[in-house]
Amino acid sequence: MSKHHTLAGLTAAILMAATAGAQAAPTEITLWHAMSNTLGDWVADLTKEFNEKNPQCHLTSTYKGTYDQTMSTGISAQRAHRGPNILQVFEVGTATMMNSGGAIVPVGDLMSKAGYKFDPQAYIPAVYGYYSLSDGRMVSFPFNSSTTVMYINKDLFAKAGLPTDDDKLPKTWDEIKSAAAAMKKAGVACPMTTSWIGWTQMESFALWHNHEYASENNGFAGTKARLKVTDPLFVRHMEDLEAMNKEGLFVYKGRGNLADAAFYAGECGITMGSSGARSNISRNAKFAWSERPLPYYGDVKDAPQNTAIGGASLWAMSGKNDKENACVADFFNFLSDPKVQAANHKRTGYLPVTKAAYELVKGEGYYEQNPGADVPVKQMMKSTDKSRGIRLGFMPNIRTIVDEELEKVWSGQTSAKKALEKIKERGDVQLERFERVTQKK
């Protein structure tokens with residue numbers, strides 16, 4: 001063989017090897033998220049597992065700060081054509097993302113193009129309903145979904161001479177008030193508190209009673225929605241809480257989830273907050289406790305219905321090539337696996353978003369071993385047009401307004417009725433602004 005032929009063969013071999021290497025290189029995709037600490041470890045483990053099971057793709061997940069920071073950073077990067085493939089956005093940012101002027105690709109479309117069959121009936125109704133379009137297509141992928149529940153300190157109930165069996169714990173607001181009064185009489189300084197007061201006591205409260213929080217089916221029917229928080233049902237509830245606050249039966253502990261710590265410490269007998277707090281309660285509480293459904297007014301027709309979704313979903317960002325989009329679809333398909341869903345649910349306390357995952361966990365006896373862990377799932381198994389969820393523009397701003405105005409009630413500066421009127425006035429300004437912004441796009 002001549003030197004020329006030897007060099008030619010060597011060159012061909014090198015080119016073939018390079019081509020094979022290029023073909024073997026996985027498609028790179030990115031996820032920007034807001035999960036820190038133990039939840040950040042969870043996302044890292046999911047990323048590793050996906051990459052191992054899908055060698056044709058390589059996912060890099062990056063923490064970008066709080067929910068607000070992650071969303072604003074992601075939107076800014078998308079405008080500069082440097083956005084991630086997948087962006088995690090909290091539920092109150094859903095309306096903003098849906099009206100983002102083509103910045104996202106609906107998950108239903110993405111999955112269909114990649115060859116995956118999408119069955120909406122496979123998802124827990126209230127979860128699917130919140131993250132879907134009017135034509136039934138899912139717009140984003142529910143990732144870390146939570147809802148509102150009630151937690152009971154059984155030791156403080158026992159101290160007040162109250163029943164502690166789960167089936168005898170309070171179910172209605174009348175029973176809550178009676179239990180709180182008994183604990184106050186027994187010397188409990190904080191009979192009842194709540195985290196995320198706008199979410200638990202107004203948004204989820206409305207859905208739980210099958211009542212609109214805002215017009216236009218809570219924003220699902222369009223951007224002309226306006227708040228309905230001055231309706232008699234809201235006035236009744238806030239005036240009840242106002243009276244309980246004055247009597248020392250309800251103690252406000254601050255915004256967000258600040259009240260969680262007071263419950264962990266054994267200070268409060270009742271709290272209401274996220275189902276995602278279960279793992280922290282299990283880790284920190286040194287007393288007997290129970291996770292129960294939210295209370296309701298027994299004389300309100302159709303109550304209880306279903307509670308409000310919380311947490312966040314994953315959005316496929318537009319402007320990516322077909323290979324990247326196919327890998328994003330592969331990742332969502334991986335997350336849809338009932339075994340992955342079940343493991344996520346047990347590890348984090350977030351909802352299993354598919355019925356198959358719920359049945360798998362149930363069949364393993366997990367709920368028998370962990371009483372109350374199925375409460376949030378059961379609360380989300382049905383929905384109506386009024387209880388499907390709340391999807392309003394500038395929702396984070398509205399929640400801040402709710403906090404600001406209700407804090408004036410707890411400090412005695414104003415009445416519940418006047419606070420609700422102010423919430424509607426200021427909140428509607430935000431909704432009108434959102435309507436104008438979306439009309440320009």
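## A guided tour from helix α11 outward

Glu242 is buried, with a relative accessible area of 11%. Select this residue to begin the tour of what is a predicted model. Next, display the side chain of Lys246, which forms a salt bridge with Glu242 at 3.8 Å from N to O. The two residues are four apart in helix α11, so about one helical turn separates them. In contrast to buried Glu242, Lys246 counts as exposed, at 67% relative accessibility.

**From α11 to α8**

Remain on helix α11 and select Asp240, then add Lys177. These residues form a salt bridge in which the closest N and O atoms are 3.3 Å apart. Because Asp240 belongs to helix α11 and Lys177 to helix α8, the pair ties together parts that are 63 residues apart in sequence. Lys177 is partly exposed, with 24% relative accessibility.

**Along helix α8**

Now select residues 173-185, which make up helix α8. The helix has 13 residues and reaches 18 Å from its first C-alpha to its last, close to the 18 Å expected at 1.5 Å a residue. Colour Trp173, Ile176, Ala179, Ala180 and Met183, the buried residues of α8. These residues lie on the same side of α8, because the arc they cover around the axis is only 120 degrees. Turn the view to the face directed away from this buried side, where the exposed residues Asp174 and Lys185 are found.

What covers the buried residues of α8? Several elements do so, and they can be shown in turn:

- the strands β5 (141-153), β6 (190-192) and β7 (268-274) are among them;
- the helices α7 (154-159), α9 (197-208) and α11 (232-246) are also included.

Helix α11 thus appears twice on this tour: it is included in the cover over the buried residues of α8, and it holds Asp240, the salt-bridge partner of Lys177. To leave the helix, select Gly187, which follows α8 and has a positive phi, near 95 degrees.

**Further salt bridges**

A search of the whole structure finds 27 salt bridges. For another within a helix, move to α19 (residues 395-410) and select Glu405 and Lys408. Their side chains meet at 3.4 Å, N to O. Being three residues apart in α19, they are separated by about one helical turn. Is each partner buried or partly exposed? Glu405 is buried, at 4% relative accessibility, whereas Lys408 is partly exposed, at 32%. Then select Lys224, Arg226, Glu432 and Glu435 together; salt bridges link these four residues in a network.

**A buried glutamine**

Select Gln341 in helix α15 (residues 338-348). Its relative accessible area is 4%, so Gln341 is buried. Which residues does Gln341 touch, leaving aside those up to four places away in sequence? They are Phe141, Leu335, Ser336, Leu351, Pro352, Val353, Thr354 and Ala357. One of these contacts, Leu351, is ten residues from Gln341 in sequence, and the two C-alpha atoms are 8.5 Å apart.

**Where to read with caution**

Finally, colour the model by pLDDT. The protein averages a pLDDT of 92, and 95% of the residues score at least 70. Over residues 1-8, however, the pLDDT is below 50, and this stretch has one contact in the model beyond near neighbours in sequence. Residues 17-21 also have a pLDDT below 50, with zero contacts beyond near neighbours in sequence. Predicted coordinates should not be read in detail where pLDDT is low.

Terms used: Residues are numbered from 1 along each chain as its sequence is written. This is a predicted model: local features need pLDDT of at least 70, side-chain atom pairs count only at pLDDT 80 or more; totals for chains, interfaces and linings use all residues. Side-chain values use heavy atoms; hydrogens and water are left out. pLDDT is the predictor's confidence in each residue, from 0 to 100. Contact means heavy atoms within 4.5 Å. Buried means under 20% relative accessible area, exposed over 50%, partly exposed in between (1.4 Å probe, protein chains only). The expected span of a helix is 1.5 Å times one less than its number of residues. The arc is that of the directions from the helix axis to the C-beta atoms.
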